[in-house]
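Biologist: I am new to this one, and I would like to understand the words as well as the numbers. Could we go through it together?

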Amino acid sequence: MIDKIDKKEVLVGIVGLGYVGLPLLLCFVEKGFKTLGLDIDTRKTEALQRGVSYIRHIPSSRIAAAAKTGLLRATTDFSAARECDAILIAVPTPLNKNREPDMSFIVATCESLMPHMRPGQLIVLESTTYPGTTDEVMIPILERSGLKEGRDFYAAFSPEREDPSRTDFTTETIPKVVGATSPHGLAIAKKLYDQIVIQTVPVSSARAAEATKLLENTFRAVNIALVNELKMTFMRMGIDIWEVIAAAKTKPFGFMPFYPGPGLGGHCIPIDPFYLTWKAREYGATTKFIELAGEINTSMPDFVVYRAMEVLNEYGKALKGARILLLGLAYKPNVDDDRESPTYHLMEKLEAKGAVVSYHDPYIPVIKPTREFPHYGGRRSVPVGKEFDLIVVSTGHEEYKSLDADTIGVPILDTRNVFAGASPLIHKA
Ligand SMILES: NC(=O)c1ccc[n+]([C@@H]2O[C@H](COP(=O)([O-])OP(=O)(O)OC[C@H]3O[C@@H](n4cnc5c(N)ncnc54)[C@H](O)[C@@H]3O)[C@@H](O)[C@H]2O)c1
């Protein structure tokens, strides 16, 4: 297998062609590997076959170029998995309604692959998950094929560190951590990733690799909670947290800037730490930092609603009946990804208090119904205008930075420090 990888004679399968799986697949194609994309969503597999993108920050030209090489194939037919030498899995790992790990996507994927396994394959899980998933969930299902891990096939875990829309670091330039259950599995997985990324970092086990990802995301969740708490504290003291962070980050060591906001969003930071909390219980361990960070971060939309009331009050208005425009629905700047976006929580909370809420987002013209907020499905982005009583900035999209508060002429509550200048219309939250 190592020799075949060197000669680019392996077929690399990617299961789950979303924000993580698609760039990974393209990376292998661009390095000259034959690839097979597997997904349950025919919309995605068909778009890839046609050379068309379905993710905003990945241009169709890149997919068309990949399709033209003849190295890209995409299908929903899992029997094709048998042809693959290596299979990398990047399917969703959300929380269920009790905020426990939802393993159903990983389980379903392994069950779809199991009947089509053959000796010699490498199967790598990339989905973010709790330590033990590869050993306790993935391998037992795959072994129902009659093949034995470490002898007939190899399993590994390599966490995905993709940051969609980021331009300074790409899939290729972000080092990749990999852990496996056998030395041979680790050697093969490392060899494979060495072909596409600048550095592969081997660790002693799949568990260590799973834990690495959770450390990274817990670090972010805890630090974001810290600045959110400091924001509220400094605000009472009349100090602007944004000014303080800008000053603190001039220290060349021992400080890393994190920024406050209206709450956590996205597929990772609000979710992943709770995978660890859940698993820790099995060992009688508690994760107090994670719980505290979760508490602070989930209370942020309430703080924004309180600030909205305060600001409207300054203008002699009540929240009840106020027309409010939420600026930004995506959970982070310059993407079309609204998963777990705090803007939805703001919408719900503001509407519960009688406000009439609209949103604007250049990346999300219409809301697709989601499991958590099905009632917002179909709502459309509206233009920024003077008819609102208050505009609340909830996402720091690049285009918002050129807006001028005085030209808009409406009070603005800025949770992202997007509005520059000293207009009396600008308020912070
Ligand atoms: N999006 C990010 O920024 C990011 C970053 C790092 C890690 N991750 C992790 O990577 C994993 C994937 O995240 P994503 O953002 O790419 O998700 P996504 O929802 O964008 O993509 C997942 C894909 O898996 C497909 N899928 C679902 N069930 C399947 C099945 N049974 N068989 C085949 N395909 C199936 C879906 O149709 C979808 O195309 C998650 O564990 C996530 O936590 C995401």
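Modeller: Gladly. The bend at a residue is the angle between two axes, one fitted to the seven residues ending there and the other to the seven starting there. By that definition, helix H11 has a kink of about 35° at Met-300, shortly before the proline Pro-301. A word on the source: this is a predicted model, in which local features need pLDDT of at least 70, side-chain atom pairs count only at pLDDT 80 or more, and totals for chains, interfaces and linings use all residues. Residues are numbered from 1 along each chain as its sequence is written, and side-chain values use heavy atoms, with hydrogens and water left out.

Biologist: What makes a stretch a helix such as H11 or a strand here?

Modeller: Both are DSSP runs numbered from the N terminus: helices (H or I) have at least four residues and strands (E) at least two. H11 covers residues 288-314.

Biologist: How do you know what H11 should span at 1.5 Å a residue?

Modeller: The expected span is 1.5 Å times one less than the number of residues. For the 27 residues of H11 that gives 39 Å, and the end C-alpha atoms are 38 Å apart, so the two agree. Just after H11, Gly-316 takes a positive phi of about 70°.

Biologist: And how far does helix H8 reach from its first C-alpha to its last?

Modeller: H8 (residues 206-236) reaches 46 Å with its 31 residues, close to the 45 Å expected. Gly-238 follows H8, and its phi is also positive, near 75°.

Biologist: Why is Thr-133 called what it is, buried or exposed?

Modeller: Buried means under 20% relative accessible area, exposed means over 50%, and partly exposed is in between (1.4 Å probe, protein chains only). Thr-133 has 0% relative accessibility, so it counts as buried. Thr-133 lies in helix H6 (residues 133-143), and it touches Met-103, Ile-106, Leu-125, Met-138 and Glu-210, leaving aside residues up to four places away in sequence. Touching, or contact, means heavy atoms within 4.5 Å.

Biologist: Why does Thr-181 count as it does, at 36% relative accessibility?

Modeller: Because 36% falls between the two cut-offs, Thr-181 is partly exposed. Thr-181 sits in the loop between strand E7 (176-180) and helix H7 (183-194). Beyond residues up to four places away in sequence, Thr-181 touches Asp-135, Ile-139, Glu-149 and Ala-155.

Biologist: What makes the pairing of the Thr-181 and Glu-149 side chains a polar contact?

Modeller: A polar contact is a pair of N or O atoms within 3.5 Å; within protein, one must be able to donate a hydrogen and the other to accept it, and residues adjacent in sequence count only if both atoms are side-chain atoms. The side chains of Thr-181 and Glu-149 make such a contact at 2.9 Å, so the distance is within the limit. Lys-31 offers another case, with its side chain in a polar contact with that of Glu-172 at 2.8 Å.

Biologist: Where is Lys-31, and why does it count as partly exposed?

Modeller: Lys-31 lies in the loop between helix H2 (21-30) and strand E2 (34-38). Its 27% relative accessibility is in the middle range, so it counts as partly exposed. Lys-31 and Gln-195 are 164 residues apart in sequence, yet 7.4 Å apart in space, C-alpha to C-alpha.

Biologist: Which residues come nearest to the ligand?

Modeller: Val-20, Asp-39, Lys-44, Thr-93 and Thr-128 come nearest, out of 27 residues around the ligand. A residue is near a molecule or strand if one of its heavy atoms lies within 4 Å of it. Helix H5 (residues 104-113) gives the largest share of that shell, three residues.

Biologist: How do you know that Lys-44 has a polar atom by a ligand oxygen?

Modeller: A polar side-chain atom of Lys-44 lies 2.7 Å from an oxygen atom of the ligand. For Thr-93, an N or O atom in the side chain is 2.6 Å from a ligand oxygen. The protein covers 93% of the 830 Å² of accessible area that the ligand has on its own, an area from the Shrake-Rupley method with a 1.4 Å probe, where for residues only the protein chains shown count as cover.

Biologist: What is the phi of Arg-99?

Modeller: It is near 60°, a positive value in a residue other than glycine. Arg-99 is in the loop between strand E4 (86-89) and H5, and at 44% relative accessibility it counts as partly exposed.
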